[in-house]
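Hi,

Here is the structure I said I would pass on. Have a look at it first, and my notes on what turned up follow below.

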Amino acid sequence: MNTPVPVSFEFFPPKTDIGYDKLLTAHEELKIAQPEFFSVTYGAGGSTQERTINTVIELNSRGVPAAPHLSCIGSTRAAVHTLLEHYQAAGISRIVALRGDLPSGMRGTGGDFNHASDLVTFIKAEFADTFSIEVAAYPEMHPQANSFDQDVDNFVAKAKAGADSAITQYFYNINAYKHFVSEVRRRDCDIAIVPGIMPITNFTNLARFSDACGADIPRWMRQALQSCGDDVTRIQRIGLNFVVDLCQELIVAGAPKLHFYSMNQSAPTLAILAQLEGFKA
């Protein structure tokens, strides 16, 4: 499969053996797209740390680089240093450095790093260029930010701390992405900003998750999907068209890569890529 721009995919660590087998199947199927890497998420408060470690090392051994998410929540300098040494020994060369989602009612991260920029600075100071570092970006503003300008300033700070690239929260409004990139460039920051893409397979779940993480579903899009009722096939067909159009617009707009939130499935993402294969601007 020849994709118009480089791609990468995100997995989450499965909780069961059956889920793990399904992840490995999806991994094999997605490899047809020749991704740059697979990332593996890290649960709230570090709750899936061991599963993340085991999953990322296994995936990395299967022919495509894998990148673990690394969170500030509850993380000490000593523990992070030990973990990064472990990853280095296992041949991991890319890290997704995040502050992480604060558990309900928690103030501060409960560790030695209060912000993702602190974590990036530490990794660079301790390991130089051993790891390529990805950070998060929020085109529609982080839900806990006080203002859009402050959020962009915070992003630029962690980029300049030593991040190599950024992956955005998913979005469906391309103008939000273009405006965010423009504001970052206006602050003299040229880091690559890779749009995160969420396939649409279940509108109810998407709406609930989007409301929680601050990702906007445009009104016209929400109404079109709601009008499908329980017709899953129609939701997936309409959702596919929406996301393919978004990806095509992003490529035309100059997005350097596309990062897909696979939800440990291959079919929805491969359907999008099949529509993009051979895409001509």
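F9 has its bridge partner in β2, and that partner is F38. The model is a predicted one, by the way, so please read everything here in that light. The F9 pairing belongs to a set of 3 bridges that join β1 to β2, with the two strands running parallel. Between them comes a helix: β1, α1 and β2 make up a β-α-β unit, and the unit is right-handed.

On its other side, strand β1 (residues 7-11) pairs with strand β8 (residues 258-261), again in the parallel sense, this time over 4 bridges. Look for S8 there, since its bridge partner in β8 is H259. As for cover, 5 of the 5 residues of β1 are buried, so the strand is mostly covered. In a regular strand, side chains alternate between the two faces of the sheet. In β1, V7, F9 and F11 point one way while S8 and E10 point the other way, and all are buried.

How do the strands fit together overall? There are 8 of them, and they close into a barrel with parallel pairing, in the order β1-β2-β3-β4-β5-β6-β7-β8. From one strand to the next, the twist averages 30°. Two helices that pack on the sheet are worth finding on screen. Helix α5 (residues 148-160) touches β5 (132-137), β6 (165-170) and β7 (192-197), and its direction makes about 180° with that of β5. Helix α6 (residues 174-186) also packs on the sheet and touches β5, β6 and β7, but here the angle I have is with β7, at about 160°.

Next, strand β3 (residues 66-71). Because 6 of its 6 residues are buried, β3 is largely enclosed by the rest of the structure. A66, P68 and L70 point to one side of the strand and A67, H69 and S71 to the other, and all are buried. With strand β2 (residues 38-40), β3 pairs in the parallel sense over 3 bridges, and A67 in β3 is the bridge partner of S39. Strand β4 (residues 94-98) is also joined to β3 by 3 bridges, and these two run parallel. If you want a spot to start from, L70 stands opposite A97 in β4. To get from β3 to β4, the chain crosses through helix α3 (residues 77-89), and this β-α-β crossover is right-handed.

Now the inside. The largest nonpolar core has 87 residues, and F155 and L258 are the ones that touch the most other members. Helix α9 (residues 232-252) gives the most to this core, with 9 residues. L258 has plenty of contacts beyond its sequence neighbours within four places, including V5, V7, V194, I197, C247, L250 and L276.

Just before it in the chain is K257, in the loop between α9 and β8. Is K257 buried or partly exposed? Its relative accessibility is 22%, so K257 counts as partly exposed, as the cut-off for buried is under 20%. Leaving out residues up to four places away in sequence, K257 touches V5, P6, E36, V194 and P195. The C-alpha atoms of K257 and I167 are separated by 9.4 Å, although the two residues are 90 apart along the chain.

What about disulfides? A search of the whole structure found 0 of them. For C228, the nearest cysteine sulfur is that of C247, and it is 19 Å away. C228 counts as buried because its relative accessibility is 6%. C247 is in no disulfide either, and its nearest cysteine sulfur, that of C213, is 17 Å away. With a relative accessible area of 0%, C247 is buried too.

Last, two residues with backbone angles to check. Q34 has a phi near 55°, a positive value in a residue other than glycine. You will find Q34 in the loop between α1 (17-30) and β2, and at 61% relative accessibility it counts as exposed. D188 is not a glycine, yet it has a positive phi of about 60°. D188 sits in the loop between α6 and β7 and is exposed, with a relative accessible area of 65%.

Cheers

How values were computed. Residues numbered from 1 in each chain as written. Predicted model: local features only at pLDDT ≥ 70, side-chain atom pairs only at ≥ 80, totals over all residues. Heavy atoms only, no water. Disulfide = S-S within 2.5 Å. Buried < 20%, exposed > 50% of the residue type's maximum accessible area, 1.4 Å probe, protein only. Pairing = 2+ DSSP bridges. Right-handed = clockwise from strand over helix to strand, strands pointing away. Core = buried A, V, L, I, M, F, W, Y, C linked by side-chain atoms within 4.5 Å. Contact = heavy atoms within 4.5 Å. Axes fitted to C-alpha atoms, helices over the stretch in contact; angles between N-to-C directions.
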